[in-house]
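User: Please examine the structure below with me. I should like to ask several questions about it.

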Amino acid sequence: MLSLNDKIEKYKKVGQRYIKKLHKLGIYTIYDLLFYFPHRYEDFSDIIPIAKVGLNQKVTILGEIVEIINRKTFKKRMNITEAIIQDKSGSIRAIWFNQPYLIRTLKKKKRIAVSGKTTLSEYGLTLSNPYYELLPNYEFSSDNYESFLVSKLKHTARLVPIYHETYGLSSRYLRYLIYPIIPLADKIPDFLPSEIKKKYNLMDLSFAIKEIHFPKSLGSMEKARTRLSFDELFLINLNVLKQKYELLKEKSFSIPFNQNLIKNFVENLPFKLTDSQKIAAWEIFQDMQKIKPMNRLLNGDVGSGKTMVAILASLLVCKTGYQTAFMAPTEVLAKQHFLTLKKFLKGQNLNIGLITGSTQKLIGKKTFQIMQISKERFKKMVNEGKIDLVVGTHTLIQDNLSFPKLALVIVDEQHRFGVEQRAKLIIGNIEKQTNDKLKRINKEAKRTIPHLLSMSATPIPRTLALTVYGDLDISILKEIPTGKRKVITKIIPPEKRNYAYNLIRKQAKLKKQAFVICPRIETKDEKLGIRKKTGWEDVKAVKEEYEKLKDEFPEFKIAMLHGKMKPKEKEKIMKDFSLNKINILVSTSVIEVGIDIPNATVIVIESAERFGLAQLHQFRGRVGRSKHKSYCLLFTNSSSSKTYRRLKALLTSKNGFELAEKDLQIRGPGELTGKRQWGIPDLTMASLNDLELIQKTKEAAKKTIEQNLWNPVLVEKMKSFEKKIHLE
Ligand code: ADP
Ligand code: MG
């Protein structure tokens, strides 16, 4: 007998060669298998006598095989298995392509159920590639034979579950595995408090599991889906709320507002702050005055001037005598920020540091010149609280840096970091602060955590903000201060490639620059391709495009940039590009975030269908940063209408928020909420468009915490949920 916690290896039906594939889907145990839900159903519940079958009808037929042969088509050399199936009323033809082995199981005289849609061929009505299932040899004529059979069938004659068929696992195979273990669902303990179940009229968990796989009716499937979506959103909300309550217990540094300082600074800026910038800064100053840690997200489209708001917050904190850590997702971006700080914080009498995987630099308050310094010295200075403002990559959390007076953590492009990394920057420091030596330096820091400001240009759809971020505070930058930049966006079919190249040529002659973005570094990099149906050969790679473009544009200087290059090389390329010594830069998505090269006027995105809309919008934001006309050209070989619809959204919408909503609608929450973007597990069931459900689950989570409705199963479930988030 199998039990829920048994590994799939123990399940006899699981073939050796499928184990790895199942693991890739996150299925390790029988329990996991039961929790691998179908994403849709084929409705084959209509069982019809052959004589009554019409054209283009979705039907199930119960009959006997009276003839079955394999043959090859003349032209295409395709294998065809052809069968004649008969019932009392007549006969019909069924064909299967390229499955010659079927003939070994589907033999003459066997009884069979076939489900499919009828088409017309030269031989009359035909079922092509129907689902099939052999029937046991019971008396055909018995009255309740049909209903008896149907209760036993899994591939035909019912609502047939369709699973995501990645990694060479077919839905048929998954049904074959899942159907026999369905009774085990009874052993799954329900973690939802019974008060909640009653209040929202939810199905029992074990019944929902049964019904989601092999539903008795559409209505019952809907109820099962509601229950399971409820669960996912409920757990997310519970998690968010729990963290919020925990955060309420923590203390932070109260940073008094210094009006003179800020006023002076702002008056001396080369531009006027936008209204949103002023409001956001004001909200941040207010938060930081409290002894409760700030947890604010600064959300604003590309170019809305988030960095300036970050600088204002840092300035106040550092001039009050505390430290600020400013974390960026890439080295290139960290360096850019470092230079920006140098530009704006001159004369403020602050020491500013840069630390990345490959370098440490310091801007000393006296000379205000950039110096290279040793890692030891850098660490020592940070540890003694002598560097006021430290910019860096994730090295900030790895390199044993401890800040004795860290009062503000800024995380730029926060979606690029995992929840774990963010937590580490904050909590990691507190643990270090308990170190005796540091305690002496700053007694206050013993049990205090820094304020957190996260920044992101990736717009958060409203529904998602409500759930994932729960009651996180959000400031939004609405205006683009440098004016509405017009970026002409076009989808370019393969045959119009030359148009794009001519455009680049023209722009380059005008001394303007171009980006060419490819999804991959080289063709051999298989990672991206495996899951995709189109095959990874189609996906453009930086190294190849670089070679091609060198041939195409012998007159221009072309360079490439990707994550596998040495930091020194990358730095050199970015510097040359910013000095306009390079005309065309072929790059992976490393340039996606933040890079500011106003002289670039063209961005070509190869294999554009590989990117999310929000990401494409980010790419587009790399150009149009000056008053010059700019272009974003999307290349795609994909002819799917879904791809076209998605990319087209980019032409009509200039607003990142709108695009994120669209991505959510078209691609589904799974991809949008993917682990990298939001630090939560993929939502397999939950419809994030279902505001009402979100509202209900929020309410339920609150009720659970406030009325202490925890049960042991729920505690366990929450623990494994948290673990899952951290592993992502
Ligand atoms: P993002 O929000 O995308 O990070 P940045 O902070 O990089 O945007 O700002 C984009 C550009 O706009 C920078 O060159 C910055 O100096 C400039 N900028 C920021 N605020 C203003 C403003 N209020 N008026 C004019 N330019 C501004
Ligand atoms: Mg930025």
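User: Leaving aside neighbours within four places in sequence, with which residues is Ala-457 in contact?

Analyst: This is a predicted model, in which local features need pLDDT of at least 70, side-chain atom pairs count only at pLDDT 80 or more, and totals for chains, interfaces and linings use all residues. Residues are numbered from 1 along each chain as its sequence is written. Contact means heavy atoms within 4.5 Å. With neighbours within four places set aside, the partners of Ala-457 are Asn-299, Gly-300, Asp-301, Val-302, Lys-306, Glu-413 and Gln-618.

User: Is Ala-457 buried or exposed?

Analyst: Buried means under 20% relative accessible area, exposed over 50%, and partly exposed in between, with a 1.4 Å probe and protein chains only. The relative accessible area of Ala-457 is 4%, so this residue is buried.

User: How far apart in space are Ala-457 and Leu-298?

Analyst: In sequence, Ala-457 and Leu-298 are 159 residues apart. In space, their C-alpha to C-alpha separation is 8.5 Å.

User: Which residue has a polar backbone atom 2.6 Å from an oxygen atom of ligand 1?

Analyst: A polar contact is a pair of N or O atoms within 3.5 Å. A nitrogen atom of ligand 1 is 2.8 Å from an N or O atom in the side chain of Gln-277, and an oxygen atom of the ligand is 3.4 Å from a polar backbone atom of Ser-304. The 2.6 Å distance from a ligand oxygen atom leads to a polar backbone atom of Gly-303.

Technical notes. Chains are lettered from A and ligands numbered from 1 in the order in which they are written. Side-chain values use heavy atoms; hydrogens and water are left out. A polar contact is a pair of N or O atoms within 3.5 Å; within protein, one must be able to donate a hydrogen and the other to accept it, and residues adjacent in sequence count only if both atoms are side-chain atoms.
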